[in-house]
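Q: Can you walk me through this one? I'd like to go over a few side-chain pairs, a helix and the cysteines.

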Amino acid sequence: MSLSRCTIDGVRNLRQVELDELAAANVFYGANGSGKTSILEAVHLLGMARSFRGQSVKSLINHDMPQCTVFGEIEVENKRTMPLGVQRRRDGDALIRVAGETVRTLAKLAEHLPLQVLNAGSFDLLTGSPTARRQYLDWGVFHVEHRFYEQWQRFQRCIKQRNNLLRHGKMSSHEIAVWSRELALAGQSVDRYRADYFSRLLPLFFEILGLLAPGLPTVEMRYRSGWERGKSYEEALDASLTTDLEQGYTHVGPQRADIRVLQGKHAAADILSRGQQKLVVCALKLAQGRLLEENSGRICTYLVDDLPSELDREHCGQVCAQLADQDSQVFITSVEAADLRALWPGGSDNLAMFHVEHGRVLRDEC
């Protein structure tokens, strides 16, 4: 599924922006502060009902407007289109519509427009907390294994209930045993889906990283389930029960899972240069897009903000080549139009170019 048309109103400095006949690769260029990144934010809003630049809805909405709205049409099978629409108000309320119907859950929206963001915040995959890496992993599992989300929700309900019992300390051994058993079943399912996905992702990651950075020192990736290796989750919960009771929360489980990215025996973030880190992050994101296509036949939409930052011309060109090689849709920003015309395979013939200036967007004539 790709976005064929998008209307944006009230996202930061963008007012009544119409983007028609969107291509596989779309470049938005202009001076800093012109609104280029806001275009990417608007597309992200359409797919995730939020910005990728933080959780504050108020900062996303134009200060002269009570709400922001993004409407789009995505191409589905047999050249048909499906409408999507998201409106966010200053009080935090969200109105989400898919195919003309109002939906209540983000999952119903997210499944239709799989999005990957490549920007300065993407370095969190290497330098940030395990939360960023779990979110990365769960994005992939959600989009290729439809049974995962139900088990993930079940796990969230169980751990919330178990933690409530632990925190208040008023429970029988029978109650804690029941919720521990339910938590173990849900947690083992979540872990099984994650581990299976990770095993399929790994070879694609190494393949793409080898193309982007053939001279990079050997990088390893390891998945950690969140409890001691060699034990079942139920055994790990039993072993940590005393500590859980003393401190009032569950210490082991999928909520502690992580992906370790290593160079030798050290965290890659501590060894690799900033440019090398960016290539690793690009490989992680591109691998997910490739796996999505191979497993479901669906395409990923990439939102790429300021690609040349941290990368030299040669490596920028290699990332562009990988993006162009995938059956995906790309929205990419640049200060200068010539930068991407020169780097993208096939040049301008394969790009839709848009000039952004003071919140206005004009498409370049062929």
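Q: What do the side chains of glutamate 220 and arginine 222 do?
A: This is a predicted model. In it, the side chains of glutamate 220 and arginine 222 meet in a salt bridge, at 3.2 Å from N to O.

Q: Are glutamate 220 and arginine 222 buried or exposed?
A: Neither word fits. Glutamate 220 is partly exposed, at 31% relative accessible area. Arginine 222 is partly exposed too, at 42%.

Q: How many salt bridges are there?
A: The count comes to 15.

Q: Which residue does arginine 290 meet in a salt bridge?
A: Glutamate 207, at 3.5 Å from N to O. The pair links distant parts of the chain. Arginine 290 sits in helix α10, residues 274–296, and glutamate 207 in helix α7. They are 83 residues apart.

Q: Is arginine 290 buried or exposed?
A: Arginine 290 is buried, because its relative accessible area is 14% and the cut-off is under 20%. Its partner, glutamate 207, is partly exposed at 40%.

Q: What about arginine 5, where does its partner glutamate 18 lie?
A: Glutamate 18 is in strand β2, residues 17–19. Arginine 5 is in strand β1, residues 2–9. Their side chains meet at 4.0 Å, N to O. There is also a network of salt bridges, which links Arg5, Glu18 and Glu73.

Q: New topic. How many residues does helix α6 have?
A: Helix α6 has 21 residues, 148–168. From first C-alpha to last it reaches 30 Å, close to the 30 Å expected.

Q: Which residues of α6 are buried?
A: Among them are Phe148, Phe155, Ile159, Leu165 and Leu166. The buried residues cover an arc of only 155 degrees around the axis, so they lie on the same side of α6.

Q: Why would residues spaced along a helix point the same way?
A: An α-helix has 3.6 residues a turn, so residues three or four places apart point the same way.

Q: What do the buried residues of α6 pack against?
A: They pack against α5, α7 and α8. The face turned away from the buried side carries exposed residues, including Glu150, Arg157 and Lys160.

Q: Now the cysteines. How many disulfides are there?
A: The count is zero.

Q: Why is there no bond for cysteine 282?
A: The closest cysteine sulfur, in cysteine 316, is 8.6 Å from its own sulfur, so the two are too far apart for a bond. Cysteine 320 is in no disulfide either; its nearest cysteine sulfur, that of cysteine 316, is 6.4 Å away.

Technical notes:
Residues are numbered from 1 along each chain as its sequence is written. This is a predicted model: local features need pLDDT of at least 70, side-chain atom pairs count only at pLDDT 80 or more; totals for chains, interfaces and linings use all residues. Side-chain values use heavy atoms; hydrogens and water are left out. A disulfide is a pair of cysteine sulfur atoms within 2.5 Å. Helices (H or I, at least four residues) and strands (E, at least two) are DSSP runs, numbered from the N terminus. The expected span of a helix is 1.5 Å times one less than its number of residues. Buried means under 20% relative accessible area, exposed over 50%, partly exposed in between (1.4 Å probe, protein chains only). The arc is that of the directions from the helix axis to the C-beta atoms. Contact means heavy atoms within 4.5 Å.
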